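Visitor: I would like a close look at one part of this model. Please take me through the largest pocket.

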Amino acid sequence: MIAEGQVFRDKRIYLDGSSFYQCTFERCTVVYSGTLGFVLESPQFIDCRWEVQGAARETLGFLRALYAGGARDLVEQTFQSIRSGTGTTPLT
C-alpha cells in the first residue's frame, strides 16, 4: 500500500511493505511483523493501538531477555542511539 495525505480511522493498518506519507491514523490498530520494510513520513497517530507479530515480537523478546540477563547497558545504548537518530547501534 502507498498512501499520501490520507486519514485512516478505526482501521487495522499493516506497516510491512507499505509506505505512508503525511497520513493521519485515528483509533487505528497499527501492526508490524518485521518481515518487510516500510515508510512512515510525517505521520500523526491519535489514540492508536500498536501490535507486534512474528519477527518483530521475537526481536522485542530478545531485547527483553538481554535486559533481564544483565545486558542492560547494551539495551539502553541501543535505545539511546535510536532516540538520537544517529543510525548506529551497539547491536550491529
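Which helices each supply at least two residues of the lining of the largest pocket?

Guide: This is a predicted model. The helices you ask about are α1, residues 54–68, and α2, residues 72–84. Each of them supplies at least two residues of the lining.

Start with the whole chain, to place these helices. The chain has 2 helices and 9 strands. Read from the N terminus, the nine β elements come first, and the two α elements follow. The chain has 92 residues, and 26% of them count as buried. Along the principal axes, its C-alpha atoms fill a box of roughly 45 × 25 × 25 Å. The accessible surface is about 6200 Å². Carbon and sulfur atoms account for 52% of that surface. Now take contacts between residues at least 6 apart in sequence: 4% of these join residues at least 24 apart.

Next, the pocket itself. A general idea helps here. Roll a probe the size of a water molecule over the atoms, and you see where empty space is left. In this model, the largest pocket holds about 250 Å³ of space. Its lining is made of Tyr32, Val52, Ala56, Thr59, Leu60, Leu63, Thr78, Phe79 and Ile82. Sort these by class, and you get 7 nonpolar residues and 2 polar ones. No charged residue is in the lining.

Which element gives the largest share of the lining? The answer is α1, with 4 residues. This helix has 15 residues. From its first C-alpha to its last, α1 reaches 21 Å. That is close to the 21 Å expected at 1.5 Å a residue. Just after α1 comes Gly70, with a positive phi of about 105 degrees.

Now follow the chain past α2. Thr89 lies in the segment after this helix. Which residues does Thr89 touch, leaving aside its neighbours within four places in sequence? They are Thr78 and Ser81. Thr78 also appears in the pocket lining. Is Thr89 buried or exposed? Thr89 counts as partly exposed, because its relative accessible area is 26%, and that class runs between 20% and 50%.

Last, compare Thr89 with Ser42. In sequence, the two are 47 residues apart. In space, 23 Å separates them, C-alpha to C-alpha.

Terms used. Residues numbered from 1 in each chain as written. Predicted model: local features only at pLDDT ≥ 70, side-chain atom pairs only at ≥ 80, totals over all residues. Heavy atoms only, no water. 1 Å grid on protein atoms, 1.4 Å probe; cavity = no way out; pocket = protein on both sides within 12 Å on 5 of 7 lines; lining within 4 Å. Points joined across faces, edges and corners; volume = space filled by probe spheres on them. Nonpolar A, V, L, I, M, F, W, Y, C, P; charged D, E, K, R; others polar. Buried < 20%, exposed > 50% of the residue type's maximum accessible area, 1.4 Å probe, protein only. Contact = heavy atoms within 4.5 Å. Areas by Shrake-Rupley, 256 points an atom, 1.4 Å probe, with all protein chains shown as cover. Expected span 1.5 Å × (residues − 1).
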